[in-house]
Amino acid sequence: MRLGIAVDSRMCMACYCCFTACKDEHCGYASKLSAAQPMMGQYWIDVREWERGDDSRHIKTATVPTLCAHCQDPACAKVAKNGAVYKRPDGIVIIDPEKSKGQKAIADACPIGAVYWNEEYQIPQKCTMCAELLDDPEYLAYMGDPKFKVPRCVEACPNHALYFGDLDDPNSEISKAIAENRVTPLEPLAGKETNVKWLNVPTVFLAGTVYYPKETEEVVIGAKVKLTCKETGETWEAETNYFGDWEVEFLPKNKNIDVEITFKGYKPVKCSAHTDIDHYTGMTYLEKA
Amino acid sequence: MAEKITHSVCVGGPIAIHTVDGVIRRIRPIVLDDNDPKGWVIKARGKEFTPDRKVKPAFIALTEKNRAYSYDRIRYPMIREDFVETPDGKNRNAENRGKSGYRRATWDEALDLVAREIKRLQATYGKETVTACTGSHHSWGLVGYKLSTFARFFRMLGYTEIKDNPDSWEGFTWGAPHTYGYYWRLGGTEAFDLLEDGLQNVETMIMWSHDPDTTRGGYAGSESTLWRHWLNDLGVQFIYIDPYNNFSSVKQADKWFGPRPGTDAALCEAIAYVWITEGSYDKDYIAKHAHRFDEWADYILGKGVDKTAKTPKYAEAETGIPAADIKALARRWASTKTMGGSGMRGGFGGVCRTANGTEFARLMIQLFVMQGMGKPGQNIWAGTTGAPMDYNFWFGGYSDPLSQIANQPIADKTAVNCVIQKLYRPNVPDAILDGHYEWYGEGFCGGGIDLEFTEHIYPEPGYNKVHMFWRYGGCFMGTMLDTNKWVKMYKSPELEFVVNQDIHFHGEARFADVILPACTNLERYDIGELCNSGNGGYQSHSQTGNSWQIVIFQDKAIEPLWESRSDYWIFAQVAERLGFGQEFSEGRTELDWCKRFWEKSDLCEKISWEDFTKKGYYVAGVPEEWERHFGFRWFAEGYPCDTPNHKPCQEEGKLGTFTGKFEFVSESLLYWAPNDEARTPIATYKHSWEGHHSIKARKYPFHLITPHPRFDYHTQHNESTPWFWEIPENRVYINGNPYLVARIHPKKAAEKGIKDGDMMLLFNERGSVLCVARVTYRVEENTIHAYGSSGIYNPVDPGETSMDIGGCVNILSPGRLIGDMVPGMAPNSTLLDVCKYEGPIPDSQCFEYKLDAVAKDADPDAESCKEIIEGHGFEKIQAKVRASYLKKGAAAR
C-alpha cells in the first residue's frame, strides 16, 4: 500500500476549503506525529495561484494546491540527522517533532517550499497527510466505514480537485484519476517519484484573435493557426472559434514558437513568441490576398 | 475522551462539529451515511449525473470554531467609559462614541440600564422613539433569525421599524417586475428544474456580472460548483461579462468581456440591435408573448426620440468592447441554446447595484425573452439553482411568516407592532441628522408592484423622532452607503441611547453606549434547513441551489463562552424587566421553540423528534421519478403555471405584469411613474449620475466596483478569522493590521507609479481607504476592484471620519439612491482616484485591541487579542474552558 493524494489543478477553483480544513485540524493542536501548527504563517496545504497572460483580452489563473509531495526519496530525509525524517510503510513522510529540533536544514531542503520552519519551537513542520487521524481508531469510527477516512483537505474539497487513496491499487479512485489525466509534476520535482501527484498543472499558452480587415468589424471564424517550435520540431494546430479566438495550451516553456495564421482569400500572417510566460499575441487583422 | 459530534448550518453551509471535553476540536462537512436517501440522477447527453454523498460547505463555514474562540469576541457586557445616565438624556458625551473605551458591567447592570432607558424614552417621546436594526444573516436558524426572536421582541415592545433595502437585488427588484412581474420574487426569476434542462440542452452560458463560486448560491456553500464543471465537460461554452475577470470566470470562462462599469445596458442594446437587424430572434415567441416590442425595436434602431441607432459601434464607445466582438457575442447567443443571468439567482450581480441597475435588469431580461425564454435550453438560469427537489416536503425557511417565532402558528400569539412610523436603512443617518426624510417604497416589495410607490415620510405626522437605536449583528460601515454618515449619526446627541448586541466587536459595536455579548450558533440551540430562505417567501425554493435538501438540528455544541448569552435569552431578560416576559416566551425555552418548527412542518411525519435530535439532521430524498416543473416552460408553451411558487395571474397563463406579457414598454411605469428619468417606460441605457460622463470624472477618473465578497459573508468572517488574512487575494497582514487587496490594471498602475504589493490609497470627496495594490490584467482598465462588505473598520483616528485602514470601501460609495422614485443603492457607481501611499503605516492599531483592557480587568490572566491572533491565546482559551468543564463534570459525578 502506498497512500497518496492527487491534486487536479483544472478542477481547483481556489475555494480555500482544503486550506481552511487543514488549519482547523492542525493549528494549535499537537499530535504524536507533529507539533501544533502556529496560528499564522504556515500553510501545510497552500493554494498557490498565479495569473496567466499579458493582456486583459486573454487572462487565466493557475491554481495549484501545494503540499508536501511525500517523495519516495525525500530530499529532506537526506539532510536530516538522527532519523528525524522517516517514511512510514504506507509511504507517508513524517518529520519527528522531537528529533528534528534545531534542524533548519530539513526545511531548507524541500524543493517546493512545503516544509516550514517554526521559529518558536525551532523545528521544521509540514503536512502529515493526516496520518494521525488515519491511525486513530476512534476518529470517525461512528460512520463505521473506513473509506470515509481521508485527510481533512480531501474531505473538505467540494470539486474533485483532491483524491486520496492507494497508488498501488490500480482500481482505486486516485489511480483512475491519475490514469485519466495529464500528470504534470511540479517543476522542482521533475524526475522524482512522489506520492502526491499533480494533474493538469498548466505550462504556457499562446493565444490570439483574428479579425477581417479593421473597417469590417468582424471576427474570423475558422482561420487555421499553426505553431511550430524549430528547436524541438514540434507543431500544434488550432482554429479560430466563434469569437475569432485561438489558443494552444500546454506548450513547452522557454522556447521560440513561430505562429502562422492562414485563411482562404487572405494573406497569411506570421509572428513568433517566446514561451517565457503565457502570451496573447494580439488582435490580428487580415488583409485581402 | 470520546468526541461528541453535533451539527449546525450557517451562511457558509452545513457543518459537523466535533467537541472534546467541552471544547470544539474540529469542523467538518457532513458526510452522508448509508441510511440517508439516494441522490437524484439526471440523465443528459448520454451521461448520468448524481451528487457526491457529502454536503459541501464553503470555506467560511469551516472556520466556525475560530469564530467562536475569536480574538474579537465580546466577552462581557460593557458600558461606555464616559457614558453618563443623565435623567434627561442630554450631556452623555455622545461625541466620544467610537473613540471611548469600555468598562465591564454585570448582566444585571447592563440589562437594568437598557430597560430603564427604554421606559424613560418611551414615556417621554412615545413608543416610536426606539428604533432597531439587524444585519442580515449573522447567524442561521429559525429561532435566532432576525425575523423570529428579534422581531418578536421589538414588535411586542412597539418601535420604529427600519425597512431593509433589497441590497443584493436592487436593479432587479425595482426594474424587473415592470418587464415580467415576479415582484413576489423581488424581480428574480424561477429556476425550477433548470439544472436538468441545462445539462440536457444548453450550449452557451452567459454569466453576466455573475461569480457563482463567490456568491455560492446565497447560502448553499460549495454545493453547485460541480454542476458547472459538468456543464464544462459537456462542452458548454461559458461567456463571462464583468468589469473584473472574477474568480469563477478566470478559471472557467471560454470568453471574458470586461465592460466599463455601469455600461452593461448599452451592451444589451447593441446585442438587440444585431438580432433585430439580422432577424435572429424568436419572432413567433415575441409576437405571442411580448407587449409593445415594435416601439422598443424602433428605439434600438434609432427611430426613437434620441434618433440614435444602438449599433455595436455605439456600444463600443460606451463599454470599451470592440464592435466585432459584440457582434460575435450576439451571434453566438442567437445561434445556440443559451441560458444565463446576472448573479446567483438570475438577478443579483453587481451591475444591478449601479445607477443603471433597473435598466440593465430589464434589458437583460428582454434579451432572454427575444430568444424564447422558457423553451428547452433557453432561459434565465445562472447555473446555481434548479436542482431536483421533493416539492411535497415542506420545512419553513427564514422569510416564511409561518416559520417565525414572531407569528402563529409557531407562537400561540402573533406579535404585532403598534407603531406605523418607519425608517429606510440606507438613509437612517440622513433621517437622524436632518430630522426629516422622505422616500418611496417598502424596501422589500414582494407583496405587489404598487408597494414600490408607497410614500413615506419621517417623522410620520403626529409622531416623535427616534432617540434610541438598538443595533443587532453585523456592521453597516462595510455594507451601506457613504458610511462616514453613520459615524456622524452616532456622534449626534439626537441619539440619546445606543445599544449594540453582537457576537464580535464589529466596527459599529464601538459606537454603542451599552454592548450586550451574544453567543454564536454553536453555543445555543436552533433548527434550520440549508439554504432555505422560505418556500412562500421572496426566494422561494432557494434550496434547489443545493444538491441535498437537509434540515439540521443545530445542537448546542458547547456552553456559551465567557459571559455571552443567546440572543433569545437577552431579549427574554429585557422583556421580563419591561413586564412582558411571559408573553414573549410563552413559557418556552429555546429548545421548545426548536421543537415547534419540527411539529409544525412535514418533518414530524418523516422522523421522530428523538431520532432527529440524535442523528442531528434529516435529508429529504428526491423520488426516483420526481415531479418536474421547468421554470417558465408553462408560459412559453401556453399552459397554466405549474411551478411551485405561483400566483393567480399565472394560473391563467399570464405573467405578473399589467398585460400578463413581457412588457417592452412598461404599462406599470406609464401608470405610476411616467416621468421618472432614472427608470423610463422603455428601458434604455442612461449615463450614470456618477460615471465617466460626469464632470466629477475629471477629478476622480476611476470607477470603483465593490461586489459581494469572496472571502467573507457580509461582514461576518474577515474580522474574526485571521487565517483569511493570509489569503493573498484577500488581505495582506502588515504591522498587525490586515489590509484589503484592491485591484488596478497594469497600464494605470504604471501611470500612477504603483507596483504590485504597494500601499495604495483609494480616495474621493467622501473619504479615503488604505489598501494593498494588486496589479492585474483581470480588471478593466478604468476600474478599481475591491470587495465590499468589509467586516473590519479601522479609521486611523477612531470615532472620526478619517482614513480607514480596515478596507471599508463602502465609505467611498455615493449616498445617492438609483433615482428619485427608485430607492435602490448603487455602490458600483462610485468614482474615485488612487495614489501610491507613502505615509506612515500604523502599528497594530485595531480598535478591537481595546477589548484587552476589559478582558484583563475581568481576568488578569486573560489572553490578549494579539496573542490570540498570532500566538498561543487560542490554545490557552481552549485549555481553560476544558479545565473548567472537567471540573464541573467531576462535581456533577
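**Charges over rings**

I looked up B:Arg25 first and found it over the face of A:Tyr29, 3.7 Å from the ring centre. I count a charge as over a ring if NZ of Lys or CZ of Arg is within 6 Å of the ring centre and within 35 degrees of the ring normal. B:Arg332 likewise lies over the face of A:Tyr242, at 4.3 Å from the ring centre.

I note that this is a predicted model, in which local features need pLDDT of at least 70 and side-chain atom pairs count only at pLDDT 80 or more, while totals for chains, interfaces and linings use all residues; side-chain values use heavy atoms, without hydrogens and water. Residues are numbered from 1 along each chain as its sequence is written, with chains lettered from A and ligands numbered from 1 in the order in which they are written.

**Aromatic pairs**

I searched the whole structure and got 84 aromatic pairs over all chains. A:Tyr242 and A:Phe243 form a tilted pair, 4.8 Å centre to centre with 50 degrees between the planes. Rings of Phe, Tyr and Trp (its six-membered ring) pair if their centres lie within 6.5 Å; planes under 30 degrees apart count as stacked, over 60 as edge-to-face and the rest as tilted. Both A:Tyr242 and A:Phe243 are buried; buried means under 20% relative accessible area, exposed over 50% and partly exposed in between, with a 1.4 Å probe and protein chains only.

Why does the pair of B:Tyr285 and B:Phe662 count as tilted? The planes of B:Tyr285 and B:Phe662 stand at 35 degrees, with the ring centres 6.4 Å apart, so I log the pair as tilted. This pair links distant parts of chain B: B:Tyr285 is in helix H11 (residues 283–289) and B:Phe662 in strand E27 (residues 662–663), 377 residues apart. Helices (H or I, at least four residues) and strands (E, at least two) are DSSP runs, numbered from the N terminus. B:Tyr285 is buried at 4% relative accessible area, and B:Phe662 is buried at 0%.

**A cluster across the chains**

I then found one aromatic cluster with members in chains A and B, among them A:Tyr16, A:Phe19, B:Phe59, B:Tyr244 and B:Tyr787. I followed B:Tyr244 to the loop between strand E13 (237–241) and helix H9 (247–252) of chain B. B:Tyr244 is buried, with a relative accessible area of 2%. Leaving out residues up to four places away in sequence, B:Tyr244 touches partners including B:Trp256, B:Glu729, B:Arg743, B:Arg778 and B:Tyr787; contact means heavy atoms within 4.5 Å. From B:Tyr244 to B:Val487 I get 31 Å, C-alpha to C-alpha, with their positions 243 residues apart in sequence.

**A:Cys17**

I placed A:Cys17 in helix H1 (residues 17–26) of chain A. A:Cys17 is buried, with a relative accessible area of 1%. Which residues does A:Cys17 touch, not counting residues up to four places away in sequence? A:Cys17 touches A:Ala156 and A:Pro158 in chain A, and B:Pro57, B:Ala58, B:Phe59, B:Leu62 and B:Ser222 in chain B. The C-alpha atoms of A:Cys17 and A:Ala156 are 5.7 Å apart, although the residues are 139 apart along the chain.

**Chain A overall**

I closed with totals for chain A, which has 6 helices and 16 strands. Its C-alpha atoms fill a box of roughly 75 × 40 × 35 Å along the principal axes. Buried residues make up 60% of its 289 residues. Among its contacts between residues at least 6 apart in sequence, 57% join residues at least 24 apart.
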